[in-house]
Amino acid sequence: MTATFGAAANALDANDGMIESANGVEADLGIADHVVADDGNHLVLGAPPERACADERQLALTHNRAVVSEWDGTPLTVNMVRNFPEAVAEAYLQSELDAIGRLADQIQAQLGYRILERGDLIDVPAGAPNGWDQGFDSYWLNDLLPRRQCQILGFYLNDDNDAWDGAGSPMSAHICWGTTSYNRRFFRRPHWTEWTGANSPDGEAIVHEVFHLLGFKHYFDQHELIGVQMSPGGLDRPWVTGSETYHATWTDIDNLRCIFPEGG
């Protein structure tokens, strides 16, 4: 498309900061001392062109066959199970689902079709055994929470999860089972008080965990694992770029196009 575009001399000022690539190469802004005149014939690229898909779907299937293999063109619905402690208000769980709704809209805006759908709060599915949400190891090793096809479930796990060499994790994606848990330590973190529903205390970390279930691995570690890499500073460790919110980049969503092709 075309649009009137111009830039005054010395218009770009990084304010002692810098713009750099993912590899740490500083960008040359290049128009510090001259003018780019307004011109309706200047070409403005609205988005990068679609690239040819390579092995993204196979990598995602290898990382998590449970959800990726179920894709038939029907959006995957993300629901929250009503098993959280009473101190966790329903408004907080709805705000987590709202983050999924925004992601679903972002995907559709870029790809033209939906891959995810915001669900709602649901009761514990029938058939879940007693104590199903009381231990990380027992849940990790066994499929303890019944799940419908094309459904992703978030739930509370009454365990600190001392994985990661004892460091633990506040949330965990259970990639074999298509679920993600908010572990007990999540609600012990310094920023956590009884939830009122104003803002997500973990910067929409549910988005990060859901991408694990869609076949993505970390960018900064997990090099031994097979999977599609998350965007650095977006889906993985956003604080590296100064962001406080996990967010999908154009590349993350373009990878989704290759993993979940339109129509199944």
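How many of the 264 residues in the protein are buried? In this predicted model, buried residues make up 44% of the 264. The chain folds into six helices and nine strands. Contacts often link parts that are well separated along the chain: of those with a separation of 6 or more, 65% are between residues 24 or more positions apart.

A good place to start is the sheet. Five strands form an open sheet with mixed pairing, in the order β4-β3-β5-β7-β6. Going from one strand to the next, the twist averages 20°. The edges are taken by β4 (116–122) and β6 (171–174); each has a single partner strand, so one side of each goes without a neighbour in the sheet.

The edge strand β6 can be followed residue by residue. Its partner is β7 (residues 179–183); the two run antiparallel and are joined by four bridges. Across this pairing, Met-171 stands opposite Tyr-182 of β7, while Ala-173 has Thr-180 as its bridge partner. Four residues lie between the strands in the β6 and β7 hairpin, where Gly-178 takes a positive phi near 70°. Although β6 sits at an edge of the sheet, both of its faces are covered. Met-171 and Ala-173 are buried on one side, and Ser-172 and His-174 are buried on the other.

Next come the helices that meet the sheet. Helix α3 lies across β3 (76–81), β4 and β7, and its direction is at about 165° to that of β4. Helix α5 (residues 205–213) also packs on the sheet, where it touches β3, β4, β5 (151–157), β6 and β7. The direction of α5 makes about 20° with that of β6. Why can α5 be called largely enclosed by the rest of the structure? Nine of its nine residues are buried, so the surroundings largely close it in. The buried residues of α5 include nonpolar ones such as Ile-206, Val-207 and Phe-211, but His-208, Glu-209 and His-212 are buried too. After α5 comes Gly-215, with a positive phi near 105°.

Helix α1 (residues 56–63) has a buried set made up of Glu-56, Ala-60, Leu-61 and His-63. Looking down the axis of α1, these buried residues fall within an arc of 160°, so they line one face of the helix. What do the buried residues of α1 pack against? Their neighbours are α2 (65–68), α5, β8 (216–217), β9 (228–229) and α6.

That brings in α6 (residues 250–259), which also meets α3 (residues 90–111): the two axes come within 10 Å and cross at roughly 75°. The two helices are therefore roughly perpendicular to each other. On the α3 side, the contact is made by Gln-106, Ile-107, Gln-110 and Leu-111. On the α6 side, Trp-250, Ile-253, Asp-254, Leu-256 and Arg-257 take part. Sorted by type, the residues of this contact are five nonpolar, two polar and two charged.

Put together, α3 touches two parts of the picture: it lies across strands of the sheet and also meets α6. Helix α5 likewise packs on the sheet and is among the elements that the buried residues of α1 pack against.

Key: Residues numbered from 1 in each chain as written. Predicted model: local features only at pLDDT ≥ 70, side-chain atom pairs only at ≥ 80, totals over all residues. Heavy atoms only, no water. Axes fitted to C-alpha atoms, helices over the stretch in contact; angles between N-to-C directions. Parallel < 35°, antiparallel > 145°, perpendicular 65-115°, else oblique. Contact = heavy atoms within 4.5 Å. Pairing = 2+ DSSP bridges. Buried < 20%, exposed > 50% of the residue type's maximum accessible area, 1.4 Å probe, protein only. Arc of directions from axis to C-beta.
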